[in-house]
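Here are some comments on the charged side chains of this model, set out point by point for a colleague at the bench.

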Amino acid sequence: MSAILNSGMVDVGMRIWPLLSGPDAGDRIVSWRDGRAVCVPEFLADVERIAQRLPAHGRAINLCEGRYAFLAGFCAAASRGHCTLLPSARTLQAITDVRANWSDTYLLGDDGCLAGFADLIRIPPLGEHVDMPVSVVPELDRDAIAAIGFTSGSTGQPKPNTKSWRNFAVGSALNNTAIRASIGVTENSLLHIVATVPSQHMYGMEMAVLLPLFGAYSVHSSRPFFAADIAAALAEVPEPRILVSTPVHLRNLLAEPVSLPPLAAIICATAPLGAELATHIEARCSAPLIELFGSTETCVIAHRRTAREADWRLHAGVCLQPQPDGTLVHAEHLGQAVVLQDLLETTAQGGFRLCGRNTDLLEIAGKRASLADLTRRLQGLDGVLDAVVFQLDGCATTDVKRIAALVVAPARTERDLLAELRQAVDPVFLPRPLRLVGALPRNEAGKLPREALLAAIGKANA
């Protein structure tokens with residue numbers, strides 16, 4: 001155990017460091033819960049009480065719905081030397097699949113989490129022992145495995161990616177620098193986060209779990225979805241406020257006439273965000289929108305202010321090596337180069353442009369296109385609220401992969417959408433079938449797993 005440090009982000013050159021760091025780490029606010037601030041001593045007491053319920057050995061799968069409960073449970077597992085597994089979804093099937101391949105797992109959950117497992121360890125009631133604070137912080141070994149995140153499955157089966165505490169600490173320091181430089185906030189200013197994304201997703205983990213652990217950030221305990229709930233959560237935290245969200249949630253926010261309190265910034269990731277949407281969001285919120293680029297494999301590696309710039313700016317120390325089939329990402333804290341399927345074009349200023357994914361490119365009859373560009377064009381048609389263009393599996397006899405589309409457009413017909421799209425794209429790339437649906441099968445982070453798309457198009461065709 002170690003006394004709380006009273007400094008900035010953790011010194012990543014050390015082998016051992018405390019679980020919590022940042023300016024005034026001894027008594028700063030970690031979270032906002034039930035209308036009040038939760039400071040470090042109370043948070044550590046909650047962590048200790050959860051840790052007492054955990055087994056001596058094992059890997060945690062944290063299913064807590066409440067963000068504060070997830071944060072405390074994640075730290076409780078870490079205090080016992082346990083890593084946390086982050087399945088690609090919090091469904092019975094995804095969790096069962098992970099447990100089938102990883103031994104010694106246990107489930108940790110709160111009252112709002114998914115039911116169906118007899119061995120679920122319920123966390124105790126939190127915040128009931130304010131008069132029994134803890135002032136000593138568990139220590140972390142920088143080389144120990146903190147978490148294993150699984151990819152979303154948008155291009156196939158989810159794959160595991162191991163993250164050490166050093167990976168997380170260095171990545172958090174880079175994110176902290178990029179965020180504060182983008183909005184002009186000093187290192188010691190406490191920033192208050194409201195996030196619409198789940199903590200179990202790597203983006204949610206980086207923004208709503210790791211930043212409050214490693215720097216001067218607090219996080220609201222809720223995960224609001226509807227515009228009114230987002231506004232209410234923001235109103236419960238003081239300035240300067242940051243909204244961490246996704247394009248799907250931000251579109252919903254734009255569509256509702258709710259009044260938002262002043263924001264220092266909006267942070268967005270998980271899916272491409274167009275400059276037009278970014279401009280509308282900045283105007284609505286009177287705050288800069290910072291888009292992040294990353295993956296489960298690399299975590300966040302770049303950022304941009306999408307309303308004002310098309311090129312991405314790399315985090316310090318990150319280098320790219322474009323290849324014919326993707327891009328190698330080099331960064332000292334990653335340990336080894338990571339291969340991304342994204343095709344990136346580096347710029348003279350040291351940034352890059354996103355050209356699509358290697359699995360995204362199409363070539364038919366000598367002509368080329370990308371699924372991302374086809375999706376963007378379909379989403380831009382009048383009356384289209386959401387859409388995606390994707391490739392079906394190959395025919396068993398010819399291996400020809402047809403292009404399909406799912407569209408949310410209540411006031412349009414499939415025929416007139418295809419007719420209008422024909423004016424914007426080459427006919428060989430028109431999606432057939434194109435099906436109208438009530439909603440796209442997005443997961444909690446706004447992503448579209450391939451299996452869900454195939455199931456949805458099959459159901460729409462039935």
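**Notes on charged side chains**

1. In this predicted model, Arg 353 has a relative accessible area of 40%, so this residue is classed as partly exposed. Its side chain meets that of Asp 311 in a salt bridge, with 2.8 Å from N to O. The pair links distant parts of the chain, since Arg 353 belongs to strand S24 (residues 352-357) while Asp 311 sits in the loop between strand S18 (299-304) and strand S19 (313-314), 42 residues apart. Through salt bridges that share partners, Asp 311, Glu 345 and Arg 353 are joined into one network.

2. The whole structure holds 16 salt bridges, and one of them pairs the side chains of Glu 65 and Arg 223 at 3.4 Å, N to O. Glu 65 lies in the loop between strand S5 (59-62) and helix H2 (67-79), and Arg 223 in the loop between strand S14 (217-220) and helix H6 (227-235), so this salt bridge ties together parts that are 158 residues apart in sequence. Both residues are partly exposed, Glu 65 with a relative accessible area of 33% and Arg 223 with 26%.

3. Is Glu 282, by contrast in topic, buried or exposed? Its relative accessibility is 12%, and because buried means under 20%, Glu 282 counts as buried. This residue is placed in helix H8 (residues 275-285), and its side chain makes a polar contact with the side chain of Arg 305 at 2.9 Å, while also reaching the backbone nitrogen of Leu 289 at 2.9 Å.

Definitions and conventions: Residues are numbered from 1 along each chain as its sequence is written. This is a predicted model: local features need pLDDT of at least 70, side-chain atom pairs count only at pLDDT 80 or more; totals for chains, interfaces and linings use all residues. Side-chain values use heavy atoms; hydrogens and water are left out. Helices (H or I, at least four residues) and strands (E, at least two) are DSSP runs, numbered from the N terminus. Buried means under 20% relative accessible area, exposed over 50%, partly exposed in between (1.4 Å probe, protein chains only). A polar contact is a pair of N or O atoms within 3.5 Å; within protein, one must be able to donate a hydrogen and the other to accept it, and residues adjacent in sequence count only if both atoms are side-chain atoms. A salt bridge is a side-chain nitrogen of Lys or Arg within 4 Å of a carboxyl oxygen of Asp or Glu.
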